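Reader: I should like a close look at a single part of this structure. Please describe its surroundings in one connected account.

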Amino acid sequence: MKRSKKQIISFELLRLAALPVICLSVALLAFFLSIPAQDLPAEATIEERIFQSSLNLHQWGSINSFHGLPSENVNAVSQTPDGFLWFGTDNGLAKFDGRRVQTNMFASLASVKILDLKTDSDGILWIATKKGAFYYQNEKFESLSETSNYSINSIFLDDQDKTVLLTDGNGTVFSCSRSSENLFDVKVFLRKSLPITSISRFSGNTIIGTFNDGLQKLNNGDAEALITKPRPFFINALAKDSDG
């Protein structure tokens with residue numbers, strides 16, 4: 001069958017147009033065949049990368065009243081050795097196990113405002129509230145009756161001598177030391193008209209932060225101004241790092 005001159009020219013043009021595609025395909029095939037086998041990612045490595053990338057999709061989230069928190073205002077967060085997260089809110093204490101929020105575990109903490117939470121080296125959760133201080137150990141809540149008429153707003157854990165310091169916003173500091181396996185002795189460490197916001201220890205000295213009287217050093221049942229330069233007057237919180 002004879003082809004016309006026009007058909008022959010069209011066929012030649014198509015063949016010439018296909019040549020670059022064929023050459024490129026051959027070049028790519030030669031390149032991949034030349035790569036050593038050890039340079040290609042192993043199947044296990046690929047699976048690990050996919051797994052790590054999927055973890056990032058679930059790294060962050062929020063916990064709020066929709067999930068069961070008794071209040072959107074969270075004042076303190078602490079974690080106990082069993083892995084549970086505890087939230088101190090304006091309307092009670094909440095426990096989070098990674099899936100659900102549990103509340104109303106203890107009647108006295110059901111709707112009270114929680115101001116601070118700390119977990120000590122023995123795994124005891126200390127709870128500062130508008131209606132005194134509490135602690136949680138061996139799956140039981142206990143109250144410190146000596147503090148029931150005080151608004152406890154901050155906690156300091158001294159792991160060296162196993163004491164716990166609690167402050168009241170009107171100027172009272174309590175010292176708690178273990179008297180038996182499950183009980184604590186509570187003594188008044190300071191009683192003075194001071195708007196205490198926080199407490200810590202530094203170089204053997206007990207230091208409190210106040211809202212308008214700056215830093216104060218406690219000594220022999222009294223408090224005296226700690227002069228620093230510059231001197232902060234309005235202190236909301238004190239914290240000590242691992243270097244002291």
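Author: Two strands count as paired if DSSP finds at least two bridges between them. The model considered here is predicted, and the part chosen is strand S9, which spans residues 152-158.

S9 belongs to an open sheet of four strands, ordered S9-S10-S11-S12 and paired in antiparallel fashion. Strand S9 and strand S12 (184-191) each have a single partner strand and stand at the edges, so one side of each lacks a neighbour in the sheet. On average, and with direction ignored, neighbouring strands of this sheet are turned by 20° against each other. In general, the strands of a sheet pair through backbone hydrogen bonds, either parallel or antiparallel.

The partner of S9 is strand S10, residues 163-168; the two run antiparallel and are joined by six bridges. Within this pairing, Phe156 has Leu165 of S10 as its bridge partner.

S9 also contributes to a pocket. The largest pocket has a volume of about 300 Å³. Its lining comprises 17 residues, of which Lys118, Ile155, Phe156, Leu238 and Ala239 are the closest to the centre. Phe156 therefore has two roles in this description: bridge partner of Leu165 and one of the lining residues closest to the pocket centre. Two or more lining residues come from each of strand S5 (114-119), S9 and strand S13 (196-202). S9 gives the most, with five residues. By character, the lining divides into seven nonpolar, six polar and four charged residues.

Conventions. Residues are numbered from 1 along each chain as its sequence is written. This is a predicted model: local features need pLDDT of at least 70, side-chain atom pairs count only at pLDDT 80 or more; totals for chains, interfaces and linings use all residues. Side-chain values use heavy atoms; hydrogens and water are left out. Axes are lines fitted to C-alpha atoms, for helices over the stretch in contact, and angles run from 0 to 180 degrees between N-to-C directions. On a 1 Å grid over the protein atoms alone, a cavity is a set of points where a 1.4 Å probe fits but cannot get out, and a pocket is an open set with protein on both sides within 12 Å along at least five of seven lines; lining residues have an atom within 4 Å of a point. Grid points are joined across faces, edges and corners, and a volume is the space filled by probe spheres set on the points. Ala, Val, Leu, Ile, Met, Phe, Trp, Tyr, Cys and Pro count as nonpolar, Asp, Glu, Lys and Arg as charged, and the others, Gly among them, as polar.
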